[in-house]
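Let's take a walk through this one, starting with its aromatic rings and ending with its strands. Keep the viewer open as you read.

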Amino acid sequence: MTEQFEQFIERWTHPDYRPEPTPAADLDSVEAEFGTLFPASYRAFLEKFGPVGTTAALLELIVERELDLSDVSEFYEPDGIKSQTLGWRDLGLPAEFVAFAGDCQGNLFCFSLAPSTDGRQPADTSVWYFDHDDAEITNLNVDFTQWVVKFGKLGNRNWWRRLLGT
């Protein structure tokens, strides 16, 4: 799993602007507030890499290739998860979802708020897309790891070196 996440980080984030890893206690706090457990894969991503933001190169590639894929512009830090989720609920985000990332147009990537019945972290779970223009939420039919891998497989490594001519 880590290798797949590293591919995403290498391809779509700037090497000089990477955040600090997210402490597990901060994620625990968000889970407690919403009464859910995040997928273990998502927690592993944030605990290793932090709430990364992608470069414009990801969006440019998606547009250039006319892919049927919404870009991920940023992963929210724990306070951002809370504020984005609660703020968008007033504007149509169903109460059974929590936002963990956003695209360049302000739409949200979410997890369903499924409480754990056995107290264990789910390994992975579906990613949902909330389109704020239509107030519609759609199951992307991929789990978090598969979703990150989709982006990681796009493009070429070290795009930023090509831009800098190095």
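**Rings, a helix and a hairpin**

Phenylalanine 8 and phenylalanine 151 are both buried. Keep in mind that this is a predicted model, and let's see what those two rings are up to. Their centres sit 6.2 Å apart with the planes at 70°, so phenylalanine 8 and phenylalanine 151 make an edge-to-face pair; the cut-off for that label is an angle over 60 degrees. In sequence the partners are 143 residues apart, with phenylalanine 8 in helix H1 and phenylalanine 151 in helix H6 (residues 144-152), so this pair links distant parts of the chain.

That's one of 26 aromatic pairs counted in the model. Another to pull up is phenylalanine 5 with phenylalanine 45: here the ring centres are 5.2 Å apart and the planes stand at 90°, so this pair is edge-to-face. Phenylalanine 5 belongs to helix H1 (residues 2-12) and phenylalanine 45 to helix H3 (residues 40-49), so the contact ties together parts that lie 40 residues apart in sequence. Both phenylalanine 5 and phenylalanine 45 are buried.

Now back to H6. How many of its residues are buried? The count is 7 of 9, so H6 is largely enclosed by the rest of the structure. Among those buried residues are Trp147, Val148 and Val149, along with Phe151. At the N-terminal end of H6, aspartate 143 acts as a cap, with a side-chain oxygen 3.2 Å from the backbone nitrogen of threonine 145.

On to the strands. Strand E2 (residues 97-102) is mostly covered, with 6 of its 6 residues buried. Which strands does E2 pair with? Strand E1 (residues 74-75) runs antiparallel to E2 and is joined to it by 2 bridges, with glutamate 74 opposite glycine 102. E2 also pairs with strand E3 (residues 108-112), again antiparallel, over 5 bridges. On that side, glycine 102 stands opposite leucine 108. The E2 and E3 strands form a hairpin with 5 residues between them, and glycine 106 in the turn has a positive phi of about 90°.

Last stop, the cysteines. Is cysteine 110 buried or exposed? Its relative accessibility is 0%, so cysteine 110 counts as buried. Cysteine 104, at 41% relative accessibility, counts as partly exposed. As for covalent links between cysteine sulfurs, a search of the whole structure turns up 0 disulfides.

Technical notes: Residues numbered from 1 in each chain as written. Predicted model: local features only at pLDDT ≥ 70, side-chain atom pairs only at ≥ 80, totals over all residues. Heavy atoms only, no water. Phe/Tyr/Trp six-rings, centres within 6.5 Å; stacked < 30°, edge-to-face > 60°. Helix = DSSP H or I, 4+ residues; strand = E, 2+ residues; numbered from the N terminus. Buried < 20%, exposed > 50% of the residue type's maximum accessible area, 1.4 Å probe, protein only. Polar contact = N/O pair within 3.5 Å; in protein donor to acceptor, adjacent residues only side chain to side chain. Disulfide = S-S within 2.5 Å. Pairing = 2+ DSSP bridges.
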